[in-house]
Amino acid sequence: MANVTLRNVRKAYPNGFEAIKGVDVDVADGQFCVLVGPSGCGKSTLLRMVAGLETISSGEIDIGGRVVNQVEPADRDIAMVFQNYALYPHMSVYNNMAYGLRNRGMPKPEIETRVQEAARILELGTMLDRKPGQLSGGQRQRVAMGRAIVRQPKVFLFDEPLSNLDAKLRIAMRVEIRKLQRRLNTTSIYVTHDQLEAMTLADILVVMNGGKVEQVGNPLAIYEKPATTFVASFIGAPPMNLMSTRADEIKSQLGSADAGILGIRPEDFVITDQTPAGGVALALTVEAIERVGAETFVYGTRAQDEQRIAANPGELPPGEVIVRIPGSEAPPIGQKIRVAAVRQKLHLFSDDGRTRIEA
Amino acid sequence: MVEHRRFGNLLPHLVLLAGVAVVAFPVYLAIIASTHDNTVIANGQMPLYPGSHALETYWNTIVSGAGRTTREPVGSMLMASFIMAVGIAVGKIAISILSAYAIVFFNFPFRMATFWTIFVTLMLPVEVRIFPTYKITSDLHMLDSYSGLILPLIASATATLLFRQFFMTIPKELVEASKMDGAGPIRFFFDTLLPLSVTNIAALFVILFIYGWNQYLWPLLITTRDDMQTIVIGIKKIIDVKDALTEWSVAMATAVLAMLPPVAIVVLLQRLFVKGLIETEK
């Protein structure tokens, strides 16, 4: 049981590349913290620094009130689940879980109790004698979790643990991890590039980009009030529509001109001929539709050519707008439609996309 | 590829059989010769069927030695060869696995330089460096000893290279997981790396055992005592006699006996050997 605090943590490699550019994060005891961001944003590096597998160039990492910058991984009282599980291929499931305990000189009966308990929780009871090679991906994943659980550490670290599983299993394991974490009430830090995993797992979500923290907070709060255009387009699928407020169509409706970028989530649009007071209406030509059952995604282009705005990962091509409508509807391709969003659902950002402007 | 021509495989098989015959015939001849009385072969009538003196010849060869040459029985030569071959194989594996471990898993100054230095010794087999090596061995008073036979031959670039390639396929996360599990470098080596290397070790053992067993030049130089003779040298001495008939039956029996241990090693470790050479997935 411990809180984890990162204070102005930096990581610079000998070749001068700065992977982590000063990160401050505070994870309270028992919280589930998710680091999310595109590949190369430094989230895994940050996790590995907490684990002690990467050195810390400057700043402090504090686990349970103890600065661990110079502490060996084994002595930090943490356990890690790796992306490729990193099970010992020559050891049985039992020994995989027991190995870390034996190395710490724990008495045999105690090891036995702990491994049996973990096996019971993870439903691995019948597989204790098997080798990792004889297990399915999901089972290996459980063993990797078991290896972390038996240690009863202060902190769990997860490095994209579900990315090697197929979609269905991923969702099942995601729920299990969440339940397990709640039950053990152990502080956890979880790295993923999957925003859905991030949203569903996190008590506290850390969105990273280019070695920096873009936004920290409750996942829903981040979803509702993204601090930058990067966060706006990264969190949420399909991504938020971003458009320049300089375009005539929008400028005339919006009035005030401090902001440079307007963001509207696909689900906040409705197809209507009316323009809500203070809201924004757009004329679109339907280019493509995706019907996924419960909902339909309409891909439209705006009548006038859009002025390009800063390109972020996952962002739409300029001029394209995604609208989410109920699954029962599907406008034909080529049709001209009008969509509108109310004032409260508009997100306004400065020209560089770095600052959110509250209307 | 589905091809079912009834006689399509005939020609390739005939060629292969001819090849087998060419390779196997001398071996067959050696076995046959070792079962006949010495005079039969000395008369120049080499039969192609087994004779009746097999037990006698092998008894003489193993226990009492060839009559008119050296009195050293082959039994002790086999022992000497065996100790040397096992010593070389085990020594080479122990040294090379440790050096590969250092090169792959540790960061130290001049790591690559060290690796290339080891690599370059591939160009310096014992025949090339025989003079300085002999001098050193002699200065260390290791002539006529097993350590003299074994130690100068146990550094191995090939084995180091093989282990290095294998170690590089081991996922980095496995090392990290061990670190988290509180296993230091020595524990990681014995608990994880060594068990994973078993097939590689077996494959190398086969190759290196045969390499050691077949050594000729080095044992010839370094041993003078009869009881330190290896069997490969023994064969030569039995054939090379002055003022007497070569005891061909004994010589052939010795040759057959010299073949057996390497064959046994290959047969015993065959499965591991093949696995060690072809296995890539870990």
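Q: What separates the centres of domain 1 of chain A and domain 2 of chain A, and over which atoms is that taken?
A: The two centres are 38 Å apart, taken over C-alpha atoms. Domain 1 of chain A covers 4–228 and domain 2 covers 241–357, with bounds that come from an automatic or database domain assignment. One heads-up: this is a predicted model, where local features need pLDDT of at least 70 and side-chain atom pairs count only at pLDDT 80 or more, while totals for chains, interfaces and linings use all residues. As for labels, residues are numbered from 1 along each chain as its sequence is written, and chains are lettered from A and ligands numbered from 1 in the order in which they are written.

Q: What makes up the contact between these two domains of chain A?
A: Five residues come from domain 1 of chain A and six from domain 2, where a contact means that C-beta atoms, placed from the backbone, lie within 7 Å. On the domain 1 side there are three nonpolar residues, one polar and one charged. Here Ala, Val, Leu, Ile, Met, Phe, Trp, Tyr, Cys and Pro count as nonpolar, Asp, Glu, Lys and Arg as charged, and the others, Gly among them, as polar.

Q: Why is strand E3 of chain A called largely enclosed by the rest of the structure?
A: Buried means that 20 or more other C-beta atoms lie within 10 Å of a residue's own, the C-beta atoms being placed from the backbone. Five of the five residues in E3(A), residues 32–36, are buried, so the strand counts as largely enclosed. Both faces are covered, with Phe32(A), Val34(A) and Val36(A) on one side and Cys33(A) and Leu35(A) on the other. Strands, by the way, are DSSP runs of E with at least two residues, and helices are runs of H or I with at least four, numbered from the N terminus.

Q: How do you know which strands pair with E3(A)?
A: Pairing takes at least two bridges found by DSSP. E3(A) has five bridges to E8(A), residues 187–192, in the parallel sense, and four to E9(A), residues 204–209, also running parallel. Val36(A) stands opposite Thr192(A) in E8(A) and opposite Val207(A) in E9(A).

Q: What makes Val34(A) stand out in the largest nonpolar core?
A: A nonpolar core is a set of buried Ala, Val, Leu, Ile, Met, Phe, Trp, Tyr and Cys residues joined through C-beta atoms within 7 Å. The largest one has 97 residues, and Val34(A), Leu157(A), Ile189(A) and Val206(A) touch the most other members. Domain 1 and domain 2 of chain A each give this core at least three residues. Leaving aside neighbours within four places in sequence, contacts of Val34(A) include Tyr190(A), Leu201(A) and Val206(A). A second, separate core of 48 residues includes Ile41(B), Ile103(B), Leu149(B) and Leu193(B).

Q: How does the radius of gyration of chain B sit against that of a compact globule of 282 residues?
A: The globule rule is 2.2 Å times the number of residues to the power 0.38, with the radius taken over C-alpha atoms. That puts a compact globule near 19 Å, but chain B has 24 Å. Its C-alpha trace spans about 75 × 65 × 30 Å along the principal axes. Chain B has 14 helices and zero strands, and 31% of its residues are buried.

Q: Which element gives the largest share of the side of chain A that touches chain B?
A: That's H2(A), with three residues. The contact takes 15 residues from each of chains A and B.

Note on methods: Buried ≥ 20, exposed ≤ 12 C-beta atoms within 10 Å, placed from the backbone.
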